[in-house]
Amino acid sequence: MSASFRTVAARIEHEPDKIKGSRHIATVAPVASEEDVASLVASARARFPAANHHAYAWRLGPDRERFRYSDDGEPSGSAGKPILMQIDRLELTQTAVVVSRIFGGTKLGVGGLVRAYGGAAGEALDVADVVTRLLTQAVMITHAYELSGPVQGVLHAARLEPRDAQYDAQARFVVDVPLGDVAAFIQAITDATSGQAMCAVE
């Protein structure tokens, strides 16, 4: 499995110049699941109710193994697939693109649609902020309060922030550790606390 992946940093909208009067508005967003994709498509439909079609494509998974595209009523292969090709051109994953088409009165033909949908998606992705994200593994740490100093020292050195902290009889929290660093991080916690802190991979 890859230790990192490329995606877009944030949701954006981009509208290229009209093509024979038709508008093709691309909405690009990072997504973590098919439910996120469905929400993105629904929001595009709500935002552009005048659009006749909302073609889309997405790719998910750290190794870019899952994907789907939809022509949303356009001729087969003329809309969704060209959008997916633009996602793949930049080797992105955890990414979805919806292109909403508002018909301008002149038909474009299949070739024209391919260029229009692919072009809108490509332009939008080119102006989007593409980032590399590290894949992480959740590690739960449990320790006595007197070990807080050494544990915090390891966290600070690794530039990691705890989350979901609970303070009962002992301190307990979760740290998201980059995949390639998990073994070394657990060893560092063990060394710093003489084996007294407990680390559990979630």
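Biologist: A salt bridge here is a side-chain nitrogen of Lys or Arg within 4 Å of a carboxyl oxygen of Asp or Glu. Which residue forms one with Glu-15?

Modeller: Arg-23 does, and the closest N and O atoms are 2.7 Å apart. Keep in mind that this is a predicted model.

Biologist: Noted. How exposed are Arg-23 and Glu-15?

Modeller: Arg-23 is partly exposed, because its relative accessibility is 29%. Glu-15 has 33%, so it is partly exposed too.

Biologist: How many salt bridges does the count come to?

Modeller: Eleven. One of them joins Arg-47 and Glu-13, with the closest N and O atoms 2.4 Å apart.

Biologist: Which parts does that pair tie together?

Modeller: Helix H1, residues 34–47, holds Arg-47, and strand S2, residues 12–14, holds Glu-13, so the bridge ties parts 34 residues apart in sequence. Glu-13 counts as partly exposed because its relative accessibility is 34%.

Biologist: What about Glu-74? Which residue does its side chain meet?

Modeller: Arg-101, in a salt bridge at 3.4 Å, N to O. Glu-74 sits in the loop between strand S5 and helix H2, while Arg-101 is in strand S6, so this pair ties together parts 27 residues apart in sequence.

Biologist: Are those two buried or exposed?

Modeller: Both Glu-74 and Arg-101 are buried.

Biologist: Which residues are linked in a network of salt bridges?

Modeller: Glu-34, Arg-66 and Arg-68 are.

Biologist: New topic: the nonpolar core. Which residues touch the most other members of the largest one?

Modeller: Ile-83, Val-97, Val-99, Tyr-117 and Leu-125, out of 22 residues. Five elements each supply at least two residues: strands S3 and S4, helix H2, strand S6 and helix H3.

Biologist: Which element gives the most?

Modeller: H3, with seven residues.

Biologist: Back to Ile-83. What is it in contact with, leaving aside neighbours within four places in sequence?

Modeller: Ala-55, Tyr-56, Ala-57, Val-97, Val-99, Tyr-117 and Ala-121. There is also a second, separate core of 13 residues. Leu-155, Leu-160, Val-177 and Ala-197 are among its members.

Biologist: Let's look at H3 itself. What span should it have, and how far apart are its ends?

Modeller: H3 runs over residues 109–127, which is 19 residues. At 1.5 Å a residue it should span 27 Å, and its end C-alpha atoms are 27 Å apart, so the two agree.

Biologist: Which H3 residues are buried?

Modeller: Among them are Gly-112, Leu-113, Ala-116, Tyr-117, Ala-120, Ala-121, Ala-124 and Leu-125.

Biologist: Is there a reason buried positions might recur along a helix?

Modeller: An α-helix has 3.6 residues a turn, so residues three or four places apart point the same way.

Biologist: Now the sheet with S9 in it. What is the strand order?

Modeller: S9-S10-S8-S11, in an open sheet of four strands with antiparallel pairing. S9 and S11 are the edge strands with a single partner each, so one side of each has no neighbour in the sheet. On average, neighbouring strands are turned by 20° against each other, direction ignored.

Biologist: What packs on it?

Modeller: Helix H4, residues 148–158, touches S8, S9 and S10, and its direction makes about 15° with that of S10. Helix H5, residues 182–192, packs on the sheet as well, touching S8, S10 and S11. The direction of H5 makes about 10° with that of S8.

Biologist: How do S9 and S10 join?

Modeller: Through a hairpin of three residues. The two strands pair in the antiparallel sense over four bridges. Arg-163 has Val-174 as its bridge partner, and Tyr-167 has Ala-171.

Biologist: Last one: backbone oddities. Which non-glycine residue in the loop between H4 and S9 should I look at?

Modeller: Arg-159. Its phi is positive, about 55°, although it is not a glycine. Most residues other than glycine have a negative phi. Arg-159 counts as exposed because its relative accessibility is 78%.

Biologist: And what is the phi of Arg-64 near?

Modeller: Near 60°, again a positive value in a residue other than glycine. Arg-64 is in the loop between S4 and S5. At 25% relative accessibility, Arg-64 counts as partly exposed.

Conventions. Residues numbered from 1 in each chain as written. Predicted model: local features only at pLDDT ≥ 70, side-chain atom pairs only at ≥ 80, totals over all residues. Heavy atoms only, no water. Expected span 1.5 Å × (residues − 1). Buried < 20%, exposed > 50% of the residue type's maximum accessible area, 1.4 Å probe, protein only. Pairing = 2+ DSSP bridges. Core = buried A, V, L, I, M, F, W, Y, C linked by side-chain atoms within 4.5 Å. Contact = heavy atoms within 4.5 Å. Axes fitted to C-alpha atoms, helices over the stretch in contact; angles between N-to-C directions.
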